[in-house]
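Here is a short set of exercises to try with a structure viewer open. Have a go at each task before you read its solution.

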Amino acid sequence: MIWNALLLALREIRRNLMRSFLTILGIVIGVSAVITMVTLGNGATQAVSDQIASLGSNLLIIRPGQHLGPGRDSAGAAQFKVADVEALRNQVSGLAAVVPVSSKSVTLVAMSRNWSSGVTGTSRDWFATGKWQIAGGRIFNEAEERAGAAVCVIGDTIRRELFGGQDPVGQQIRVKQFSCEVIGLLASKGQSTMGNDQDDLVVMPLRTVQRRLTGSVDVATLMVSVRDDASMDTAKEQVTWLMRERRHIGLGDNDDFAVMDTRQIAETLSGTTKVMTGLLGAVAAVSLLVGGIGIMNIMLVSVTERTREIGIRLAIGALEREVLLQFLIEAVALASLGGIVGIVLATLASIGGAALMHVPYLFNPGINLLSFGFSAAIGVLFGYVPARRAARLDPIEALRHE
Amino acid sequence: MSEPLIVLTGVTRSFGSGAAAFQALRGVDLEIEEGDFVAIMGPSGSGKSSLMNILGCLDTPTGGSYRFRGLAVESLNRDQRAMLRRHALGFVFQGFNLLARTSAQENVELPLLYRGEPVARRHELARAALASVGLSGWEHHTPAELSGGQQQRVAIARALVTGPSLLLADEPTGNLDTERSREIMDLLAGLNRDQGITVLMVTHEPDMAEYAHRIVRLVDGRIASDTRKAASPAEEGAQ
């Protein structure tokens, strides 16, 4: 009986191909939107985690202010000093490197081209800590670092924008009122998941940036890498106590700086993308409901159109539940068909979207199954009322219907 | 023979209620024996259709009792009546009432589908039923591709395919010309004679009623006359 009803439903769908297509469009859009949103959201979350994990699990990032990330401003809290770097190096055990970072946005000029970018002032340890590779030339040496020499290592984007096909090593770049020599080229890291170009940067010794660009001895961020054999938690605790002491924070007062480890940062960022995924998914789910209403509408029209057919079926001995089942299965078949088309569409959209957004495409069987199940459930839910109307028809009236 | 196939006792059927109530049947007593061929005649509004609907178990009487093979139909619920229709009754309508855009074969198979017959048996029975009404070779034509007479034959095949004990025909020739009508009536008379199927037919054409063995006339919801015709040997021979 169910098999026959299914065959009948498929035939009925094929007979009104255009109408069926338009009817399931709502479900198709709903299902594909839900799956695409969730898949891309998961991909983005994964990418953020991957990227942060690629920095290593042994990195602490210290910033002024109470939180890293959006929502809380670090304004008001004092910046760090170079002396803090020394203190951390000397007084906290188990650290591999303490790297100061100060950045400044500038316009770079070279070969009569210009490009807006950021200059990062830091120490030589920055390259190893950030897992950067050198594609050409060298990084600055200790003497240059100490002297604040006008030398720089540039990212691949800078090379492309300012030097085109030429070898940049040995060339000069004008930064504000001074010229610096390009001594090295960083290997490309590509675009980050947050959409920013990681290769769009110029790295100089911290001292050079402080003297020539920011004009202060402040350090904006401290990156601390912990030795593999040392405990992260201990290091984090020691760093926190030392910084509290150096910044004269009273016993009961809150920190005016934040020490984050990479795991925490990953959690914070992926938490944000998860919330976004959830919200987008919810919006998409609403369109599934709208699709269900469309199915109900068409099924009601179909029942009215086929009143005579229902009358014939009832007259020759169809039971109420058999007619109900027939129309219910038709609604479920429509909705499921929408689900299947939606899944196919979502897969294509997710793969394309993932490529565009530079996030990995993660096939998520759970959300695919869930969406399919949900669309079938919508068929049952919104198909029931029309099906019951069909089943309850009076055969005499139905046969008289024109 | 023990109890007749159909026994109606004081059957009434009214529509609406109160002052606006309309009495379609005002107490009908009728007995129909198995194997009979009965024509029900009467002017419009005489209650023919109401009687037919009750006899066909599509409707239940307001008052009185209807026993089909000793079974009290008025006490059956909707699904039980559907089961009775499925297993014991066959319907032929004035307007044919075939499923559009569905082949003759599938139309005939429809009642078998609800009986849960397997596919192979459905095909076999439907083909045989179509052959018995002279439509071999037309199995895959849809109603739109068939003439009125052919459509009515498909409808008769559909009514016959389950081997019913009672065939109810509501103005079966109402939409057909005289020649086609005669063909259909010959077919019904043949089924009655050769297969012993009880045929109950509503008609307002005296020519068609002539085919029946018994003519019941309804006027204003009551039986006005009930005449049995002696089967003439000439007619038997002509078939």
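The exercises below go from whole chain to strands, single residues and the chain contact.

The model is predicted: local features need pLDDT of at least 70, side-chain atom pairs count only at pLDDT 80 or more, and totals for chains, interfaces and linings use all residues. Residues are numbered from 1 along each chain as its sequence is written, while chains are lettered from A and ligands numbered from 1 in the order in which they are written.

**Exercise 1. Describe the overall build of chain A.**

Step 1: List the elements. Chain A holds 13 helices and twelve strands; helices (H or I, at least four residues) and strands (E, at least two) are DSSP runs, numbered from the N terminus.

Step 2: Test against a globule. The radius of gyration of chain A is 32 Å, well over the 21 Å from the globule rule for 402 residues, so chain A is more spread out than a compact globule. This radius is taken over C-alpha atoms, and the rule is 2.2 Å times the number of residues to the power 0.38.

Step 3: Check the extents. Along its principal axes, the C-alpha trace of chain A spans about 100 × 55 × 35 Å.

Step 4: Look at the domains, whose bounds come from an automatic or database domain assignment. Domain 1 covers 2–50 + 268–400 and domain 2 covers 78–255. Their centres, taken over C-alpha atoms, are separated by 54 Å.

**Exercise 2. Find how confidence varies along chain A.**

Step 1: Start with the average. pLDDT is the predictor's confidence in each residue, from 0 to 100; chain A averages 86, and 95% of the residues score at least 70.

Step 2: Compare the elements. Strand 12 (residues 257–261) of chain A has the lowest mean pLDDT (83), and helix 10 (residues 307–315) of chain A the highest (94).

Step 3: Flag the weak stretch. Over residues 68–74 of chain A, pLDDT stays under 50.

**Exercise 3. Work out the surroundings of strand 9 of chain A.**

Step 1: Judge burial. A residue is buried if 20 or more other C-beta atoms lie within 10 Å of its own, exposed if 12 or fewer, and partly exposed in between, with C-beta atoms placed from the backbone. In strand 9 (residues 201–205) of chain A, five of its five residues are buried.

Step 2: Find the partners; strands pair if DSSP finds at least two bridges between them. Strand 4 (residues 113–122) of chain A pairs with strand 9 of chain A in the parallel sense over five bridges, and Gly121(A) stands opposite Met204(A). Strand 6 (residues 151–154) of chain A runs antiparallel to strand 9 of chain A, with two bridges, and Val153(A) faces Val203(A) there.

**Exercise 4. Is Arg313(A) buried or exposed?**

Step 1: Place the residue. Arg313(A) lies in helix 10 of chain A.

Step 2: Count. Arg313(A) has 25 other C-beta atoms within 10 Å, so it is buried.

Step 3: Find its contacts (C-beta atoms, placed from the backbone, within 7 Å). Beyond its neighbours within four places in sequence, Arg313(A) is in contact with Ala318(A) and Val323(A).

**Exercise 5. Describe the side of chain B that touches chain A.**

Step 1: Count residues. 18 residues of chain B are in contact with 16 residues of chain A.

Step 2: Assign elements. Helix 2 (78–88) and helix 3 (104–115) of chain B give two or more residues each, and helix 2 of chain B gives the most, with six residues.

Conventions. Contact = placed C-beta atoms within 7 Å.
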